[in-house]
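Trainee: Could you walk me through this one slowly? I am still learning how to read sheets and helices.

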Amino acid sequence: MLFLLFTGNQEADAAQGQVTEAWNQVVPLIRQGPLPPVLPKADVEAIQVLDAHGRVAAATPELVGKPPIATFQAINRNVRTARVLCPPIGLKGCMTVASYKVYQPQGVWLLYVTVPVVPWYGETAALLLAIGVSFVATTLITAWVFRDLTKAVGPVNAIRAELAEITATDLDRRVPVPRKYEEIKSLAETVNDTLDRLEGAYTRLRRFTADASHDLRTPITGMRAQLEEALLHPRDTDWPTMTKAVLTGVDRLQGIAADLLTLAELDAHAPICRVPTDLRQLVSAELDRRVYRKEIIKDLPESVLVDCDRLRITRVLVNLLDNAERHAISQITVSVRTDRASAVMAVSDDGAGIAAEYREMVFDRFTRLDAARNRDAGGTGLGLAIAKEIAEAHGGTLTIEDSERGARFVLRLPVLDARV
């Protein structure tokens, strides 16, 4: 487009130059004479001179004996004007007619110079050249883009094909990562990261399912064996003792089922009922309500206001106390305090403690560590997992911190402004 506009402007300038050249040749003849009746054609289409009375005084051969080709002239003090006439009188086709005023003693003479109309694109050859170049350029660019897109789509198709073949039985497979095309490379790496997380989640789910099945099957198997033994030897069976043993197994089953339901609710992000709560008062009330086999040391120096679900935070405290009671030697310490913008509740025991490398693992569901802190003392293996999920649902954290002796579990919750 720019090339055609440039060519058109060049042609228009050339035509104007031809008109100006004709003007330079004819005006001296008008003013100084002699003005021949037949003028040389020069490089323009036609020339015609009208005297002060509007009569044709001179013209190029094709206009000899013909009337004036136009009647317009420049207005006011302008000397020159131009119009496109289709056609001028005595000529054929559309022409650009330039009109000049030539001042003579007897009046104003008019000089008409005609040239062909110059289209905006210039010559036809320029138009054809531009069309040809545009076609070739478009073809080359299209071919290059098609080739480049074909190369770019190849890795995408490979990723799609690999994803289509990945199933639950082969989550270890990964999509190919191309070396070129940063966007597609980033996409492939993101997909592989997602597959890594999916494989990890699926592995944890399978392990959780296997552990849950084992923990449910163990008490069921024990109760079944006891009942079958009692039926085989009813007279030799101590029925009250056997009944208590079966009830113990039922309680364990009920505890596991309740914990599984609680985890399902937490995983589903069920809404929690938050109310402003004095954490010190909540902890003190729960400690006074229950009777523990180990000595409980209270360290509750100040009131701390939090926005929480009282039942669920109480569940966290109970789970931590149950865990501490199973592993403490003689005493358990419970403290509540404020640490900047956090309310801190800590439950410590004087047992064997937990090694640093296991402090994250103990919050996994059905986690088994060494014999010192496993679930053989009546726990379901879900209490700490539930406590951590509840803490995170409240926007807080549950961690294990260093202590001089035993394990120290620390719950941190956002402090609520007392004015609220």
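Mentor: We will go through the sheets first and then the helices that pack together, and please keep in mind that this is a predicted model.

Trainee: Okay, what is the strand order in the open sheet with antiparallel pairing?

Mentor: That open sheet has 5 strands in the order E2-E1-E5-E4-E3, and its pairing is antiparallel. Strand E2 (56-59) and strand E3 (80-85) stand at the edges with a single partner strand each, so one side of each has no neighbour in the sheet. On average, neighbouring strands of this sheet are turned by 20° against each other, if direction is ignored.

Trainee: And how many bridges join E1 to E2?

Mentor: There are 3 bridges between strand E1, which covers residues 46-50, and E2, and the two strands run antiparallel. If you look for a pair to anchor your eye, valine 49 stands opposite alanine 58 in E2.

Trainee: What holds strands together in general?

Mentor: Strands of a sheet pair through backbone hydrogen bonds, and they can do so in a parallel or an antiparallel way.

Trainee: Now the sheet with mixed pairing, what is its order?

Mentor: It is an open sheet of 5 strands, ordered E7-E9-E10-E12-E11, with mixed pairing. Strand E7 (295-299) and E11 are the edge strands, each having a single partner strand, so one side of each is left without a neighbour in the sheet. Its neighbouring strands are turned by 20° against each other on average, with direction ignored.

Trainee: Which way do E9 and E10 run, and how many bridges join them?

Mentor: Strand E9 (residues 331-339) and strand E10 (residues 342-349) run antiparallel and are joined by 8 bridges. One pair to find is aspartate 339 with its bridge partner in E10, serine 342.

Trainee: Which strands does H6 touch on that sheet?

Mentor: H6 packs on the sheet and touches E9, E10, E11 and E12, while its direction makes about 25° with that of E10. H5 lies across E7, E9 and E10, and runs at about 165° to E9.

Trainee: So how do H5 and H6 sit against each other, what angle do they cross at?

Mentor: The axes of helix H5 (residues 279-289) and H6 come within 11 Å and cross at roughly 55°, which makes H5 oblique to H6. H5 passes H6 in a right-handed crossing. The residues in contact are Leu279, Leu282, Val283, Glu286 and Leu287 of H5, together with Arg310, Ile313, Thr314, Leu317, Val318 and Leu321 of H6. Sorted by class, this contact of H5 with H6 has 8 nonpolar, 1 polar and 2 charged residues.

Trainee: Why do the contact residues on a helix often come three or four places apart?

Mentor: An α-helix has 3.6 residues a turn, so residues three or four places apart point the same way.

Trainee: Switching to H3 and H4, are they roughly parallel or roughly antiparallel?

Mentor: Helix H3 (residues 182-232) and H4 pack at an angle of about 160°, with their axes 10 Å apart, which makes H3 roughly antiparallel to H4. The crossing of H3 past H4 is left-handed. Among the residues that meet are Phe208, Leu216 and Met223 in H3 and Trp239, Val246 and Leu253 in H4. The residues of this contact divide into 16 nonpolar, 2 polar and 2 charged.

Trainee: And H4 with H7, what angle do they pack at?

Mentor: Helix H4 (residues 239-267) and helix H7 (residues 383-393) pack at an angle of about 25°, with their axes 10 Å apart, which makes H4 roughly parallel to H7. The contact is made by Asp259, Thr262, Leu263, Leu266 and Asp267 of H4 and by Ala385, Ile386, Glu389 and Ile390 of H7. By class, that contact has 5 nonpolar, 1 polar and 3 charged residues.

Trainee: How many residues of H7 are buried?

Mentor: In H7, 8 of the 11 residues are buried, so this helix is largely enclosed by the rest of the structure. Lys388 is one of the buried residues, alongside others including Leu384 and Ala391. The buried residues of H7 pack against H4, helix H6 (310-327), strand E11 (397-401) and strand E12 (408-414). Just after H7, glycine 395 takes a positive phi of about 75°.

Trainee: Last one, is alanine 143 buried or exposed?

Mentor: Alanine 143 is partly exposed, with a relative accessible area of 44%, and it lies in helix H2 (residues 124-165).

How values were computed
Residues are numbered from 1 along each chain as its sequence is written. This is a predicted model: local features need pLDDT of at least 70, side-chain atom pairs count only at pLDDT 80 or more; totals for chains, interfaces and linings use all residues. Side-chain values use heavy atoms; hydrogens and water are left out. Two strands pair if DSSP finds at least two bridges between them. Helices (H or I, at least four residues) and strands (E, at least two) are DSSP runs, numbered from the N terminus. Axes are lines fitted to C-alpha atoms, for helices over the stretch in contact, and angles run from 0 to 180 degrees between N-to-C directions. Angles under 35 degrees count as roughly parallel, over 145 as roughly antiparallel, 65 to 115 as roughly perpendicular and the rest as oblique. Contact means heavy atoms within 4.5 Å. Ala, Val, Leu, Ile, Met, Phe, Trp, Tyr, Cys and Pro count as nonpolar, Asp, Glu, Lys and Arg as charged, and the others, Gly among them, as polar. Buried means under 20% relative accessible area, exposed over 50%, partly exposed in between (1.4 Å probe, protein chains only). A crossing is left-handed if the near helix is turned anticlockwise from the far one by less than a right angle, and right-handed if clockwise.
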